[in-house]
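Please open the structure in your viewer and keep the selection panel within reach. The tour below suggests what to select at each stop and then describes what is there.

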Amino acid sequence: MLLSLLALSARNLMRNRRRTVITAAAMGLGLASLLFMDGLMTSWLDQMVATTTESWTGHAQIHREGYRETGRQSLVVENPRLVEETLSASPDVTAWTRRLISPATIQSAMDLKPVALYGVEPLSEAEISLLDEAVEEGEYLDEDTFGLLLGFKLAETMDLMVGDPVVLTASEAGGGLGQGLFMVRGIVRFGMEDLDGYSVFIHCRAAEELLELPGQAHQYALALGDPDDVLARWDALRAPLSTPGNTVENFAEISAFFTSMLEMMDVAMGVMTLILLGLVAFGIVNTLYMSVFERTWEYGVLLALGTDRRFVRRGVMMETALLAVMGVLFGVLLGTGVNLFFTRVGIDFTGFDMGGVALSTRTYTQFRLEQFVLYPSVMVFFTLIAGIWPALRASRIVPARALRNRQV
Amino acid sequence: MNRELIVTRNLTKTYEDNGVPVRAVRGVDMTVLPGEFTALIGPSGSGKTTLLNLVSGLDSPTSGTILLNGTNIGDMSPRELSAFRRNNIGFVFQAYNLIPVLTVEENVEYILLLQGMKKKQRHQKVMEILEKVGLEDCAHRLPSKLSGGQQQRVAVARAMVARPLFILADEPTANLDSVTSGRLLDMMKDLNEKTGMTYLFSTHDPRVMERARRILVVQDGLIVEDREQ
């Protein structure tokens with residue numbers, strides 16, 4: 001019986017081939033658009049994660065408890081020697097570096113600006129971040145404690161060039177003001193608004209002196225391997241890295257931006273899915289309703305012959321399901337083709353900025369298993385929902401009236 | 001044992017046409033016995049088709065009783081009525097009403113499929129009836145590839161294949177030429193005589209009247225004459 005219903009439904013769909021193909025194509029285009037957008041957004045997100053983690057943040061960071069909430073300079077990492085021993089001993093930590101951080105002002109001969117001051121260890125920093133590679137003018141930091149790096153936007157704003165002298169002023173841990181004379185050694189470009197526009201980088205020893213925090217750290221930045229793997233295994237990774245009085249957080253926890261970006265992308269994809277599939281559903285309702293309307297007399301005949309109304313409903317729902325399968329197949333094929341093309345060729349978004357992170361390379365769309373499970377399933381679900389009304393309409397046809405209209 | 005196959009008692013049907021009540025059937029008492037070859041005749045709009053629709057349960061009466069093989073169909077639920085039609089009534093319509101996407105064989109087979117008969121048995125029964133109506137060579141053709149007369153023969157085969165209690169034929173020859181009509185009616189008459197199948201026609205075709213053994217004249221929703229010939 002089911003096979004007969006399937007065959008009957010398939011033949012009914014093929015009666016008006018053009019209409020069926022157009023409807024399936026509309027569904028397919030909708031699905032292919034979703035697959036493409038998902039591939040693009042996944043790629044953007046990965047690019048942003050890579051840009052942020054590799055550029056500066058690292059995969060995880062250690063701070064003193066309360067430091068990130070208050071930013072108080074006195075909240076240095078508890079027992080830094082123990083932390084460093086733990087990090088060095090951990091098999092999961094591929095690299096780590098120590099940082100001192102403070103709000104400061106930078107003063108040139110002509111200008112004065114507030115900045116974020118970072119004291120870094122040049123050698124280990126280069127293993128965590130792209131600070132060394134970000135130098136576009138001048139040179140990277142060395143053991144010379146008078147050298148200073150600053151973001152290119154800050155340099156442009158203050159009209160500073162490599163070799164210019166500047167004065168940094170920051171609060172000392174003891175409450176006084178520390179000042180130091182530095183020489184611009186290099187200008188860096190990260191493609192991240194806060195690092196390019198508001199940050200300066202000096203040797204950690206110079207920062208220790210300036211802030212009166214010898215041997216201390218505000219932050220340890222760690223590299224732990226693949227970012228997706230870090231998030232997936234985070235609970236297992238975190239525990240061995242924890243030390244008393246300090247917090248260990250991954251890059252997603254550190255950056256509210258990532259969390260909001262993930263949520264925003266989910267919402268954006270959800271809204272887009274609803275709009276696209278809603279439009280597709282209207283098309284399906286129209287097609288099926290027209291199809292049922294045109295065959296009113298046929299349903300009248302079937303009902304007159306003693307066909308159960310449930311069988312009629314199932315018939316229309318079977319046609320709907322077949323239409324959904326055709327649409328999904330077409331959409332998956334088209335979406336795979338388009339994604340495959342842009343996986344290889346990419347799209348040039350260089351210079352575009354997302355939440356302060358510049359897209360610096362071509363964007364290559366990505367395949368995810370979810371794309372081929374979630375969206376097709378949602379499309380089939382929407383299509384079946386759309387088929388309910390025409391199915392009910394068909395099953396409620398009054399045979400005598402349908403036959404009278406046919407015979408007149 | 002009740003020998004009456006179709007019984008109506010004081011059957012009425014009133015419907016609204018653009019807000020105007022139309023009394024299509026006005027207190028019809030009718031009895032049809034098994035094996036009859038009966039024609040309801042009368043002018044267009046006299047209530048013949050409405051009477052057939054009421055008798056088959058396709059339409060519900062405003063008042064009155066319909067007993068089919070002793071069962072009051074007014075007491076049946078829609079689902080029971082549907083099952084009753086499937087198992088006991090064959091239909092032949094004026095416009096053939098074959099399902100266009102099904103082949104001749106599948107159209108005839110459809111009722112048996114609904115009845116849950118096994119495929120092999122279905123095929124055998126279908127081929128038997130197609131042979132009786134002379135269409136065994138057309139089994140795999142679509143209705144659109146057949147002439148009007150052939151399509152109506154398929155409709156007769158579809159109506160008869162499940163061996164229903166009776167066949168209701170609403171203007172079966174209205175769309176056919178005289179030669180084809182004559183052949184079709186001869187075939188139905190022959191089947192009636194050989195199988196004892198009961199036929200109730202609605203018609204104003206004189207060829208049907210010539211062949212009918214009993215004629216019920218319908219006028220203004222009433223049976224005004226009942227004669228045997």
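**Chain A as a whole**

Begin by selecting chain A, whose secondary structure comes to 16 helices and 12 strands. Its radius of gyration is 31 Å, whereas the globule rule gives 22 Å for 408 residues, so chain A is more spread out than a compact globule. Please bear in mind while you look that this is a predicted model. If you turn chain A along its principal axes, you will find that its C-alpha trace spans about 100 × 45 × 35 Å.

With a surface displayed, the accessible area of chain A comes to about 18,600 Å², and 62% of that area belongs to carbon and sulfur atoms. Of the 408 residues in this chain, 51% are buried. Among the contacts in chain A with a separation of 6 or more, 78% are accounted for by residues 24 or more positions apart. Colouring by charge brings up 31 positive and 46 negative side chains in chain A, and the centres of these two sets lie 27 Å apart.

**Strand β2 of chain A**

Next, select strand β2 of chain A, which covers residues 95-107, and centre the view on A:Thr97, which is placed in that strand. Is A:Thr97 buried or exposed? A:Thr97 has a relative accessible area of 0%, and because buried means under 20%, this residue counts as buried. Show the side chains here, and you can follow a polar contact of 2.7 Å that joins those of A:Thr97 and A:Ser124. Apart from residues up to four places away in sequence, A:Thr97 touches A:Glu121, A:Ser124, A:Glu125 and A:Ile128, and also A:Gln219, A:Tyr220 and A:Ala221.

Stay with strand β2 of chain A and move to A:Ile106, which lies in it as well. A:Ile106 also counts as buried, at 0% relative accessibility. Which residues are in contact with A:Ile106, once its neighbours within four places in sequence are left aside? They include A:Leu112, A:Val115, A:Leu148, A:Leu150, A:Met158, A:Leu160, A:Val166, A:Val167, A:Leu168 and A:Val200, and among them are also A:Asp111 and A:Lys113. One of these partners deserves a distance label, for A:Ile106 and A:Val167 are 61 residues apart in sequence and yet 5.7 Å apart in space, C-alpha to C-alpha.

**Helix α15 of chain A**

Now select residues 369-395, which form helix α15 of chain A, and pick out A:Glu370 within that helix. A:Glu370 is partly exposed, with a relative accessible area of 42%. Draw a C-alpha to C-alpha line from A:Glu370 to A:Leu35, and the two turn out to be 9.6 Å apart in space, although 335 residues separate them in sequence.

**Chain B as a whole**

Switch the selection to chain B, which has 7 helices and 10 strands. For its 229 residues a compact globule would have a radius of gyration near 17 Å, and chain B agrees with this, having 17 Å. The C-alpha trace of chain B spans about 45 × 40 × 40 Å along its principal axes.

In chain B, 55% of the 229 residues are buried, and its accessible surface comes to about 10,000 Å², with 47% of that surface belonging to carbon and sulfur atoms. Of the contacts in chain B between residues at least 6 apart in sequence, 70% join residues at least 24 apart. The charged side chains of chain B number 28 positive and 27 negative, and the centres of the two sets lie 5 Å apart.

**Two asparagines in loops of chain B**

Select B:Asn18, which is placed in the loop between β1 (6-17) and β2 (20-32) of chain B. Its phi is near 55°, a positive value in a residue other than glycine. At 77% relative accessibility, B:Asn18 counts as exposed.

Then select B:Asn97, found in the loop between β6 (89-92) and α3 (104-114) of chain B. B:Asn97 has a positive phi of about 55° although it is not a glycine, and at 0% relative accessibility this residue counts as buried.

**Where chain B touches chain A**

For the last stop, select helix α2 of chain B, residues 78-88, and find B:Ser82 in it. Which residues of the other chain does B:Ser82 touch? With residues up to four places away in sequence not counted, B:Ser82 touches A:Gly306, A:Thr307 and A:Asp308. B:Ser82 counts as buried, at 7% relative accessibility.

Conventions
Residues numbered from 1 in each chain as written. Chains lettered and ligands numbered in written order. Predicted model: local features only at pLDDT ≥ 70, side-chain atom pairs only at ≥ 80, totals over all residues. Heavy atoms only, no water. Helix = DSSP H or I, 4+ residues; strand = E, 2+ residues; numbered from the N terminus. Rg over C-alpha atoms; globule rule 2.2 N^0.38 Å. Buried < 20%, exposed > 50% of the residue type's maximum accessible area, 1.4 Å probe, protein only. Contact = heavy atoms within 4.5 Å. Areas by Shrake-Rupley, 256 points an atom, 1.4 Å probe, with all protein chains shown as cover. Lys, Arg positive; Asp, Glu negative; His and termini not counted. Charge placed at Lys NZ, Arg CZ, Asp CG, Glu CD. Polar contact = N/O pair within 3.5 Å; in protein donor to acceptor, adjacent residues only side chain to side chain.
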